[in-house]
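Colleague: I should be grateful for a close look at a single part of this model, namely the sheet and what surrounds it. Please set out the pairing register, the packing and any unusual backbone geometry.

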Amino acid sequence: MSQQPEEEVTVGVALPVPEPWGRQVWQARLGYGETSAEHIPTHVTLLPPTVTTVAAVEALLAHLEQVAAEHAPFQMVLRGTGTFRPVSDVVYLQVARGVSSCELLERAVRSGPVHRDLDFTYHPHVTVAHNLPHDVLDRAFEELADFSAEFSADRLVAYAHHGDEVWRPLVSFELQGWR
């Protein structure tokens, strides 16, 4: 008797950008023609889109609960724009405060049961334009250069999609560690 293959799911883990900034950035992305952003909440990535099995998701969620219990909330400041060009056609909001906390969280998240090698060195950021014409990337870079937001990064969220590119939140975990 042969076993059926396990159902695959794409997961991601992120720090959400709260309102009003989350919606503001989301609307800007849509305004630049980033149609894929319609189903992507504004966030700082901790685990990029990673294909795994439905069975592995339960272990990932247990791992994320432990990670959240061990990491404290922290102040995050987003300020100004940056770009990965010419390596990658991305314009982003820079994390001006909270970089080291993001790096520690990212490492802890990726140390769990769902593993993914990174294509590039981890650099916390909030994407505002991706794979768009160069003039649009230039416009996004210039128009958001004065953007600034300060908030408490107090939770991480696990998201999933089943091939439709609609990111649905699975679970949100409050960061509970000591400062």
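Modeller: Helices (H or I, at least four residues) and strands (E, at least two) are DSSP runs numbered from the N terminus. The model is predicted, so local features need pLDDT of at least 70 and side-chain atom pairs 80 or more, while totals for chains, interfaces and linings use all residues. Numbering starts from 1 along each chain as its sequence is written, and side-chain values use heavy atoms, without hydrogens and water.

The sheet is open and consists of four strands in the order E5-E4-E3-E6, with antiparallel pairing (two strands pair if DSSP finds at least two bridges between them). Its edges are strand E5, residues 125-130, and strand E6, residues 148-153, each of which pairs on one side only. From one strand to the next the twist averages 30°; axes are lines fitted to C-alpha atoms, for helices over the stretch in contact, with angles from 0 to 180 degrees between N-to-C directions.

The register can be followed from the E5 edge. Strand E4, which spans residues 90-97, pairs with E5 in the antiparallel sense over five bridges. In this pairing Val91 stands opposite Ala129 of E5, and Val90 has His130 of E5 as its bridge partner. E3 and E4 also pair in the antiparallel sense, again over five bridges. Here Thr81 has Leu93 in E4 as its bridge partner. E3 and E4 form a hairpin, with six residues between them.

The backbone of that hairpin loop merits attention. Arg85 and Pro86 are joined by a cis peptide bond, with omega about 10°, and Pro86 lies in the loop between E3 and E4. In the surrounding sequence, Phe84 counts as partly exposed because its relative accessibility is 26% (under 20% is buried, over 50% exposed, in between partly exposed; 1.4 Å probe, protein chains only). Tyr92, with a relative accessible area of 6%, is therefore buried.

Two helices pack on the sheet. Helix H1 (residues 21-31) touches E4, E5 and E6, contact meaning heavy atoms within 4.5 Å. The direction of H1 makes about 25° with that of E5. Helix H4 (residues 134-143) touches strand E3 (74-83), E4 and E5. The direction of H4 makes about 135° with that of E3.

The loops that precede these two helices each hold a notable backbone feature. Ahead of H1, the peptide bond from Glu19 to Pro20 is cis, with omega near 5°; Pro20 is placed in the loop between strand E1 (8-16) and H1. Ahead of H4, Asn131 is found in the loop between E5 and H4. Asn131 has a positive phi of about 55°, although it is not a glycine. Its relative accessibility is 55%, so Asn131 counts as exposed.

Most residues other than glycine have a negative phi, and most peptide bonds are trans. A further exception in phi lies outside the four-stranded sheet. Glu165, likewise not a glycine, has a positive phi of about 65°. The place of Glu165 is in the loop between strand E7 (155-161) and strand E8 (168-174). At 48% relative accessibility, Glu165 therefore counts as partly exposed.
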